[in-house]
Structures are given as structure tokens and as C-alpha cells.
Amino acid sequence: MNSQEDFPSGHTPSTGELDLEARQALRRVVGLASTELEDVTDAEYRRLRLERVVLVGVWTEGTIDDAENSLAELAQLAETAGSEVVDGLIQRRSKPDAGTFIGSGKVREVKDTVEALGADTVIADGELSPGQLIALEKAINVKVIDRTALILDIFAQHAKSAEGKAQVELAQLQYLLPRLRGWGDAMSRQGGSNGGVGLRGPGETKLETDRRRIRAKVAKLRRELAKLTVTRETKRDSRTRNRVPGVAIAGYTNAGKSSLLNALTGAGILVQDALFATLDTSTRRSRTAEGREYTVTDTVGFVRHLPHQLVEAFRSTLEEVAEADLIVHVIDGSHPDPLGQAEAVREVLAEVGAEEIPELVVVNKLDLVAPDDVLQLRSDWPDAVFVSAHSGEGIDKLRAAIEQALPQPHTMLTVCIPYVRGDLVSRLRSRGEVLSTEHRGDGSVITARVDDALAGELRAFVLEKD
Ligand SMILES: Nc1nc2c(ncn2[C@@H]2O[C@H](COP(=O)(O)OP(=O)(O)OP(=O)(O)O)[C@@H](O)[C@H]2O)c(=O)[nH]1
């Protein structure tokens, strides 16, 4: 069976139609972890994985602490991808070197470090141009990848649903396209324009063929994703029709979003000490103390410099956040740079048009924060709710704060709902606060407190309104 045709019914889309060199180039560019890119055996796959890694960063602005935090995060990302980080080097420069990202002296130092520690991979803390990548690889003589490729790789490992996989693959191919040029020369030399019967036009170079195939694949993935987006919108529409208020949990990766969703709703979602454990959103229903229903949705984690290809590919997932009534922005209080992380999250929120939605800041992992640091956090976020998803501290307060921030049922109405409109009665029960119900010949007479949206829907049945 052709895996291309299986998609999106569950099988991972494969780039099987790309020929060997292109697949090798792709595998190299995306950091080797996408088994689907090639039919590698498990043993080969493990051998190919990133292993002993040296990190290199360029410190252009901010304090040395900022540069170190950024490199520490890169180390965490590399470990999430399954590598062992053996060293990290930072160079102070006004801007990255146009040719090799770091200056020539630092290149030699990295090469010496790589040789001394037996490393096999260098990861640059930034996005390298195709030329920089090739020049660095040539100079250091081991595989070089950049931050973007690493994040794409982690996403590829964690994507579970057909939609998530297609979104990641689309992002990977878009990252690959402009980078094919570097390999193109080598590939043209090796393969020339022979072969590929029926697949390439006369005189077309191999590079052009590969590009054309990748573009075709990108177009196909876009079509598949558009179909999946329609399904998602239909689901969302039915939710909107029922107008249950929605809360979206957003936050930097590893801040504790899934843990909070679990603590709030007892959902039993997977929690991992890994970056980007959640790529597929999960929605759970919850109720306020008065019994009104609302939904809570966990979203993909954000990260500084989230590759734009991923923001683009995950737009439909991220747009769910833009439709929420409230964003619960979870911050990891135990992280050395919570303000920087919060800023990165706000940037992504703005990019998906969610900046106007009311935000409730939640500082999590209180159990890990020293008392002095708690004081600092409280002065940084005076309106935040402080919780520990682990110990449960503050969760009741958080629930109350969420309920307070949801659209409030401040309109008192008495309506007469015909018996055929059972749907409206159940909506009133789940969304409003029903104070009394009486049955009479033409329908149920209900007195309730409702929010503005529900009041609008019930307009035709109102007997009395405050
Ligand atoms: N000590 C402590 N650890 C926590 C707390 N909340 C979450 N964690 C841990 O932090 C890690 C990340 O938690 P998740 O809930 O998976 O975080 P997330 O934000 O959903 O992560 P991504 O899906 O990667 O974006 C896990 O190891 C959790 O056990 C907390 O209140 N205290």
C-alpha cells in the first residue's frame, strides 16, 4: 500500500518519492530523527541519532546571563531530542559571522573541543544560512545543525495525530527548500540529470527536480491540512453554537500546562519532563461552582524563536487559542528567566491574533521556588495566581479566578421555553444559573441568570428581564 495515499487516515506521510540524495539531504537538515523520511531500521536510526553534541552560541545583546540561559535551553532541547550535550561555547560578537556564524578563532576552538571530547555533532544557537551551515561543517568536520532544525526534529518525534505529523512535515519541507541549493551542486555532480524516468523534463537539473518534488509535496500537505482544518472548524462551530465558554492554557514549553489541565479537570493527560511533550491540543470540560460548563484546552508549548515555519504550520492549532474567552498563561516560576519566557509567549500570541483576549497569569511550580524568589515573582506579576500543579496549592484559587474571569451570568431572565426546545433548556442548565422551573401548558417557565450571549439566544422566549 502506498503510504502517501493512506494519509490522513493515520499513516504518517512519507517522503518516499524523493530520491536517495534528497532524502539524505533532508535527513541531515532536519536532524536525523524523522524515521519516516527514509525506511531506516531501528538500529540504523539509533546510530544516526544526534549523539555527543557541542553547542555554540553567539552573544550579541543582553547580559551574559541571557546568553547562558539561551544556551542552557538549547541544551535542554538537544537532550529532549535524545542527545548528550558534552560542552557549550559562547562567543561575544556584535553580530554572527556572515560566513561561519562564529569567528574563525572560535571555529578552531570548537573543532578542538569536538576532537578532544569525541563529539559528533555541533548545534548552533540560531538559524544558520545554508552557506553558513556548509562552511561550518567543512571547517569542523562533523555534522552541524541549527536551533530551528533541532526544534523541527523534536516536533517530528512528538507529533502523534495525522494533523500534527502533516504540520511538522510541512514545516520541515519549507525549511529544507531554500537549503537544497548547497547539496544541489554535489547532487548534480553525482547524479547529473539522468534517471528519474518520467519525473523530470529534458535538461532539468537534479536540483530542480528535487525542488519540484518537494514543492509538489508541500502543496499536497497543504491540501490535506486544509481538509483537516475544515473538520476542526466544524467541531469548533458546534462548540461555538453551544457557546460553552472556553479557556485556553498557553505557556512556554515545560511550564506545566498539561499538569495544570490535569489538576483543574482530573484529565489524566500525559505529563513529561520534556520540551514539547504536547503537540496535539486536548480539550476537557469543567464546571463552575454554580454548575456552569466551560472548556479548558491545553495547547502546544511556545519557545523563544519558535521557527516561523512551525508557527505557520501550526496556525490552525494556535488559532484555537485566539477563539478562547480567556487565556490562562502559565509561567514556570522556578525558571531562571520567567519574564523572558512570558515575553516569548506573548509574541506568539500576538502573531496568531490572540493579544486582545483577557489573560490570567498563573505562576506555577511554586513548590520549587525559594521564598525570596516568590517575593520577586509577586512583584513582577502582582495580579497572578500562584500555584503548584504538583502539590495542588493554589488550584482552588485558580479555579475561582478562572470562573471570575469567564463571561459572567449577570442578566436575570424569566423565559417560557416550548417543550420542543429541550436543547435550550439544557443549554440554560449548563451555561446559566437556573433559579426556578415551572411547567405549564405551552412550555417550561424558567427563571435564570445568564451571560449576555445566552440572553441574546433566548430573546424570543423572554417573559421578564431585569
Ligand atoms: N515541581 C513541580 N513540577 C511541576 C509542576 N508542574 C509541572 N511540573 C513538571 O514540569 C514538567 C513539565 O510539565 P508539563 O505539564 O508536561 O508541561 P507542559 O507545559 O505541558 O509541557 P510541554 O507539553 O512540553 O509544552 C513535568 O516534569 C512536570 O512534572 C509543579 O507545580 N511543581
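In strand E8, Val330 is the bridge partner of Gly251. This model is predicted. Gly251 belongs to strand E5, residues 246-251. E5 and E8 run parallel, and five bridges join them.

Now look at another neighbour of E8. Strand E9 covers residues 359-364. E8 pairs with E9 over six bridges, again in the parallel sense. One place to see this pairing is His329, which stands opposite Val361 in E9.

How many residues of E8 are buried? The strand spans residues 326-332, and seven of its seven residues are buried. Both faces are covered. On one side sit Leu326, Val328, Val330 and Asp332. On the other side sit Ile327, His329 and Ile331. So Val330, the partner of Gly251, is a buried residue by the cut-off of 20 or more other C-beta atoms within 10 Å.

Next, turn to a pair of helices. Helix H7 spans residues 147-158, and helix H8 spans residues 162-176. They pack with their axes 9 Å apart, at an angle of about 155°. Why is H7 called roughly antiparallel to H8? The angle is about 155°, and angles over 145 degrees count as roughly antiparallel. The crossing of these two helices is left-handed.

Which residues make the contact? From H7 come Thr148, Ala149, Leu152, Phe155 and Ala156. From H8 come Val168, Ala171, Gln172 and Tyr175. Sorted by class, seven of these residues are nonpolar and two are polar. The contact of H7 with H8 has no charged residues.

Terms used: Residues numbered from 1 in each chain as written. Predicted model: local features only at pLDDT ≥ 70, side-chain atom pairs only at ≥ 80, totals over all residues. Axes fitted to C-alpha atoms, helices over the stretch in contact; angles between N-to-C directions. Helix = DSSP H or I, 4+ residues; strand = E, 2+ residues; numbered from the N terminus. Left-handed = near helix turned anticlockwise from the far one by under 90°. Contact = placed C-beta atoms within 7 Å. Nonpolar A, V, L, I, M, F, W, Y, C, P; charged D, E, K, R; others polar. Buried ≥ 20, exposed ≤ 12 C-beta atoms within 10 Å, placed from the backbone. Pairing = 2+ DSSP bridges.
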